[in-house]
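Student: Please take one part of this model, its internal spaces, and examine it closely. I should like a connected account that treats each space in turn and says what surrounds it.

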Amino acid sequence: MEWWLKSLLMRWGFVLKRRRQVMMRKPAGDRSLDPGDLMEAIHGTDVYQGFDFAALPCDLQGWGGDSPAFGELITAVRPALVIEVGTWKGASAVSMADAAAREGLSTTIVCVDTWLGALEFRTDQADAERFRALECRHGYPQVYYRFLANVCHRGHQQRIVPFPMDSASAALWFMSHGVKAGLIYIDASHEEEAVYQDLVDYRQLLAPGGRIFGDDWDWAGVRAAVTTFAKAYGLTITHCHDKWVLAAAA
Ligand SMILES: C[S@@+](CC[C@H](N)C(=O)[O-])C[C@H]1O[C@@H](n2cnc3c(N)ncnc32)[C@H](O)[C@@H]1O
């Protein structure tokens, strides 16, 4: 081969190699985040600052939020970070924050929720626990402020970080920031495909030795998604009180 052709090919090879390295680099500004930095990284400010929580009484209505499973899993895993997918008014997040405080852990809990409800919140306008509890003003839910007030009433502003986003987009944000969580609680949509996708997205965010668990085993869509996912990924489904828990197969 002519020397000039060889040298050209080598140079192209070099250029290609460099380009591949650049493409594989993490996005600009990316770094592995310390859980304690998540409020700043997500919001650029402390969302509780100046919030008049006294105007909204504490109201932790929800579903399965006071389960003893939260305390047992926090004690067993001792996570630096919990990601909760589906928070509503914050009952389950507050239970985990209480448990972390009891254990003397500095655990951060990031709550991913649109605070717009899910399909079952829009099927019955007389439903006081769902549609009416969205507290729509001019057609837009205000329940996020109810959640925020509850966190303040329970004194967990230093632990609980809201992330008002759909679960799929939030998962991408966590991935691009190198975030890993010791515990991930799945309790957003109850539709089979959506739950399956949440499992696919959030399992990638588990820290080594971490656990992914969730609510509503009695919902057909949830049970089908968890069962199919466990089979596909070779995981075992166990139960802790009313929660399903995924574990590596023995
Ligand atoms: C069953 S509630 C969560 C209950 C809560 N864990 C408790 O302790 O009461 C489901 C929540 O998931 C949220 N949600 C539903 N689909 C979502 C999605 N795709 N992304 C983010 N949040 C979602 C809803 O807004 C709602 O607040």
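Tutor: In this predicted model, the count of cavities of 30 Å³ or more comes to one. The largest cavity has a volume of about 40 Å³. Its lining consists of Ile186, Asp187, Ala188, Ser189 and His190, together with Val195, Asp215, Asp216, Val222 and Trp244. By class, five of these lining residues are nonpolar, two are polar and three are charged. A general remark on the approach may help here: empty space is revealed by rolling a probe the size of a water molecule over the atoms.

The pocket comes next. The largest pocket has a volume of about 580 Å³. Helices α4 (91-102), α6 (167-176) and α7 (192-203) and strand β2 (108-113) are the elements that each give two or more residues to its lining. Among them, α7 gives the most, with three residues. In total, 34 residues line the largest pocket, and those nearest its centre are Gly86, Ala118, Asp187, Ala188 and Ser189. Of these residues, Asp187, Ala188 and Ser189 also appear in the lining of the largest cavity. The pocket lining divides into 12 nonpolar, 13 polar and nine charged residues.

This pocket is the space taken by the ligand. Around the ligand stand 21 residues, of which Ser92, Asp113, Gly117, Ser167 and Asp187 are the closest. Asp187 thus recurs: it is among the residues closest to the ligand, among those nearest the centre of the largest pocket, and in the lining of the largest cavity. The shell around the ligand comprises eight nonpolar, 10 polar and three charged residues.

Polar backbone atoms also lie at short listed distances from the ligand. A ligand nitrogen atom is 2.9 Å from a polar backbone atom of serine 167, a residue already named among the closest to the ligand. For glycine 86, the distance from a polar backbone atom to a nitrogen atom of the ligand is 3.0 Å; Gly86 is also one of the residues nearest the centre of the largest pocket. In the case of tryptophan 88, a polar backbone atom is 3.4 Å from an oxygen atom of the ligand. On its own the ligand has 590 Å² of accessible area, and the protein covers 92% of that area.

Definitions and conventions. Residues are numbered from 1 along each chain as its sequence is written. This is a predicted model: local features need pLDDT of at least 70, side-chain atom pairs count only at pLDDT 80 or more; totals for chains, interfaces and linings use all residues. Side-chain values use heavy atoms; hydrogens and water are left out. A residue is near a molecule or strand if one of its heavy atoms lies within 4 Å of it. A polar contact is a pair of N or O atoms within 3.5 Å; within protein, one must be able to donate a hydrogen and the other to accept it, and residues adjacent in sequence count only if both atoms are side-chain atoms. Accessible areas come from the Shrake-Rupley method with a 1.4 Å probe; for residues, only the protein chains shown count as cover. On a 1 Å grid over the protein atoms alone, a cavity is a set of points where a 1.4 Å probe fits but cannot get out, and a pocket is an open set with protein on both sides within 12 Å along at least five of seven lines; lining residues have an atom within 4 Å of a point. A molecule sits in a cavity or pocket if more than half of its atoms lie within 2 Å of its grid points. Ala, Val, Leu, Ile, Met, Phe, Trp, Tyr, Cys and Pro count as nonpolar, Asp, Glu, Lys and Arg as charged, and the others, Gly among them, as polar. Grid points are joined across faces, edges and corners, and a volume is the space filled by probe spheres set on the points. Helices (H or I, at least four residues) and strands (E, at least two) are DSSP runs, numbered from the N terminus.
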